[in-house]
Structure formats: structure tokens, C-alpha cells
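Take a minute to turn the model around on your screen before reading on. We'll walk through it piece by piece, starting with charges and ending with rings.

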Amino acid sequence: MSTKSITESAEIRELVVVQRTAGAEETDEGGQKTRGRVQLLRDELTLSAPCMVLGRELRQRRQALKLDQQDVAKVLRWSKSKVSRIEGGRIGIDQRDLEDLFSLYRIDDAGREPMRELALIGKRPEWWKKWSGITTAYLQAVMSFEDVAQRIRSYEPQYLNGLLQTPEYAKAVIGRGSDPSNHAALVELRQQRQAKFAETPGKELVCVIDEVSLLRPVGNARIMRRQVQHLIELNEDPRYQLRLAELNRSLPSEVGSTMIFDFAEKLLPTIAYSENFDGGLVIQDEESVDRRVRKFDMLRHMSLSPTATTQKLHHLLQSNCYR
């Protein structure tokens, strides 16, 4: 079987998993039916990282009392789906509802205040609200994860990660597939994402750049030269660790578009994200996440070091690639 066939087969298998779990239910350790942990986001309610942190804490409190979601729904006269959506981070929670859960779960005063703060944050309009009408649910989920994650690991086989793109490169990429009337706004949003990342202390981006993405023309030669120069500049910043996956090296065939979000202080378990034609896959299943982490780390170790990557980028600028 060819490398392309292997990759396509892996993607098909993953989509089958998503179709089974995105809207389906599975059984947890208490025998309760819960939503699957691999979710395909299209245009439905997006995930919010602050809401996910709060929802995870509430779920753990419920499970510690040996309650299932149906028990909670019955006592509080809610629908079971409301409990599920709160725990899954898909909706924020009103303070009154949160106080009802505090009483039911017997949470003391010391434990209540941090959760109240998370509930308030989850209800606030996100900084990207002004762009919400022209962005997808899965992009909004990615931005939410970017805001909270301490480390982001990324591999894009076709184009550069949005956090690395110059405005000119971003405009050329965005211009290939969206409403022309939204181009300027989407480029502005991409710049804001980069600024938010850069201004937040302690963040780290580990990015494997496929050499194909640098050889495939985006815009014109001037845009590509400026983009490569920008990558060289970023690689001098310790917050960015850029590695180049060379064309002449054999790479793990199963690795496709992947972002891995690692969170500080165990706020959330590591989350993996993969974008495809149909939407964005948000992967929380521990085994699936671990598999992607292993493949990414293998790809990272098989790629050039940051220093060698900078040297290769200088070589590309001096070659005839962008003339």
C-alpha cells in the first residue's frame, strides 16, 4: 500500500470514530452514558477552555459522590443534556445553577470561589467576539485552547501554522477559500491571535514545518521571502521552537495536520486537534491523544534541530526558490 493510501486509510478510520462518538454516547466507569471524547465540530456550540476546566471539576465532584448525570438532572429538575453540556464545556453556567451544584456536591467555601471565577470567565464575551460571525466553531475552539495552553505543539503538512504567518502570507492563504469581503477581517484576526500568544508570559510553540509548505508558492516570491525571513526571526525567540521536516527524510506516514495543547497546573488533560475538510476534530480520549503525541514527538525528533532549521531557511533564501 502506498504512503498516500496509508494516510488516507488512517483519516477514514478516524472519521468513522468521530461519526460514532461526536453525537453518540458511551458508558463511563460508573455505568453512565456520556458523550464521546472525540468530537467533530462544524457549526454547533463551540468548546470553551474555561468552561471545560470548570466542567471537568464539576464532573469529578459528581463522580466522587457516585452520582450520575441523570441523578443530578432529577434532583435539580434540569434536563440530562444540560448537565452533559456543562460538564463538557459547551455552555457556560449561571451563578444560580452553580450554587445549586455546590449544595448538591457539598463543596466547601474554599472550593467554591475558584469555580465561581471560572463561571464568570466562561460567561464573558471572548476577545474574538467581533469576528464570531465570520469564523467557524472549530476555529473558535482552537483560539480558546490557544489562550489557555502553556505549550502548543503543531504540524501542518500544507501551509504554515497561523501563529507563524506574516500578514501578506495570511492574506494569500485566506484568499484561496473564503468570502472576499471577509479577507481583511480574517487577516486582522490572525494577527490578533499572534499578538495574544506573544504577549502572554510562559507560552511556548513547538512547530514542525514541512519543507513542502516552503516550496509550494503562496502569493508571490516576495511574500515567500518575507515569510522565510520571519521564520528565521521567530526561531531566535526562545518561546518558538521551529523544526524543519526535510523532503529527503522518511517521516511517519500517519501524521496529518495536528495541534497538541498542553495546559499548566493540570487545568485540563492534554487535548489534540486536527482539522480536515469537514471540520475540526477535538480529541480528548487519552489513548487517541497519546498516540498523536507519540507520532508528533517521533516526527519532531526526525526533523532538523532549531539551529539546523535556521541554517536551512537561510539556504532557501539564497537559492533560486523565491526568485
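Let's begin with a term: a salt bridge here is a side-chain nitrogen of Lys or Arg within 4 Å of a carboxyl oxygen of Asp or Glu. Searching the whole structure with that rule turns up 19 salt bridges. Keep in mind that you're looking at a predicted model.

Before we visit some of those pairs, get your bearings. The protein has 323 residues, and 47% of them are buried. It is built from 13 helices and 9 strands. Take the contacts with a separation of 6 or more: 72% of them are between residues 24 or more positions apart.

Now for the charges. Side chains of opposite charge can pair when their charged atoms come close. A good place to start is R151 and D262, whose side chains meet in a salt bridge with N and O 3.0 Å apart. This pair links distant parts of the chain, with R151 in strand β4 (residues 151–156) and D262 in strand β7 (residues 258–262), 111 residues apart. Which of the two is buried? D262 is, because its relative accessible area is 11%, under the 20% limit for buried. R151, on the other hand, has a relative accessible area of 29%, so it counts as partly exposed. The pair also has company: R151, R153, D262, D297 and R300 are joined into one network by salt bridges that share partners.

Next, find E211 and K312, whose side chains form a salt bridge at 3.3 Å, N to O. E211 sits in helix α10 (residues 211–215) and K312 in helix α13 (residues 306–318), so this bridge ties together parts that are 101 residues apart in sequence. Both E211 and K312 are buried. Compare that with E117 and R124, another salt bridge, where the closest N and O atoms are 3.7 Å apart. Here E117 counts as partly exposed because its relative accessibility is 35%, and R124, at 47%, is partly exposed as well.

Let's leave the charges and head for the nonpolar residues. In soluble globular proteins, nonpolar side chains tend to be buried together. In this model the largest nonpolar core has 42 residues, and the members that touch the most others are F145, L164, I209, L214 and F261. Helix α11 (residues 221–234) gives this core its largest share, 6 residues. Zoom in on I209 to see what that crowd looks like: leaving out residues up to four places away in sequence, I209 touches L160, L164, L214, L231, L242, R243, L244 and A245. There is also a second, separate core of 16 residues, with L54, V83, I93 and M115 among them.

L54 brings us to helix α2, where it is one of the buried residues, along with A49, P50, C51, M52, V53, G55, L58, R59 and R62. An α-helix has 3.6 residues a turn, so residues three or four places apart point the same way. You can look for that pattern in the later part of the list, where L58 and R62 are both buried. What do the buried residues of α2 pack against? They meet helices α3 (69–76), α4 (80–88), α5 (95–105), α6 (109–123) and α7 (137–148), plus strand β8 (271–276). As for its length, α2 (residues 49–64) has 16 residues and reaches 23 Å from its first C-alpha to its last, close to the 22 Å expected at 1.5 Å a residue. After the helix comes K66, whose phi is positive, near 60°.

Our last stop is the aromatic rings. A pair of aromatic rings is described by the distance of the centres and the angle of the planes. The structure holds 4 such pairs. One of them is W127 with W128, an edge-to-face pair at 5.5 Å centre to centre and 85° between the planes. W127 also pairs edge-to-face with W131, this time at 6.1 Å and 75°. Together, ring pairs link W127, W128 and W131 into a cluster. W128 has a relative accessible area of 4%, so it is buried, and W131 is buried too, at 4%. W127 is partly exposed, because its relative accessible area is 23%.

Rings can have charged neighbours as well. K130 lies over the face of W131, 4.8 Å from the ring centre. Elsewhere, the charged end of K82 sits over the ring of W78, 4.2 Å from its centre.

Methods. Residues are numbered from 1 along each chain as its sequence is written. This is a predicted model: local features need pLDDT of at least 70, side-chain atom pairs count only at pLDDT 80 or more; totals for chains, interfaces and linings use all residues. Side-chain values use heavy atoms; hydrogens and water are left out. A nonpolar core is a set of buried Ala, Val, Leu, Ile, Met, Phe, Trp, Tyr and Cys residues joined through side-chain atoms within 4.5 Å. Buried means under 20% relative accessible area, exposed over 50%, partly exposed in between (1.4 Å probe, protein chains only). Helices (H or I, at least four residues) and strands (E, at least two) are DSSP runs, numbered from the N terminus. Contact means heavy atoms within 4.5 Å. The expected span of a helix is 1.5 Å times one less than its number of residues. Rings of Phe, Tyr and Trp (its six-membered ring) pair if their centres lie within 6.5 Å; planes under 30 degrees apart count as stacked, over 60 as edge-to-face and the rest as tilted. A charge sits over a ring if NZ of Lys or CZ of Arg is within 6 Å of the ring centre and within 35 degrees of the ring normal.
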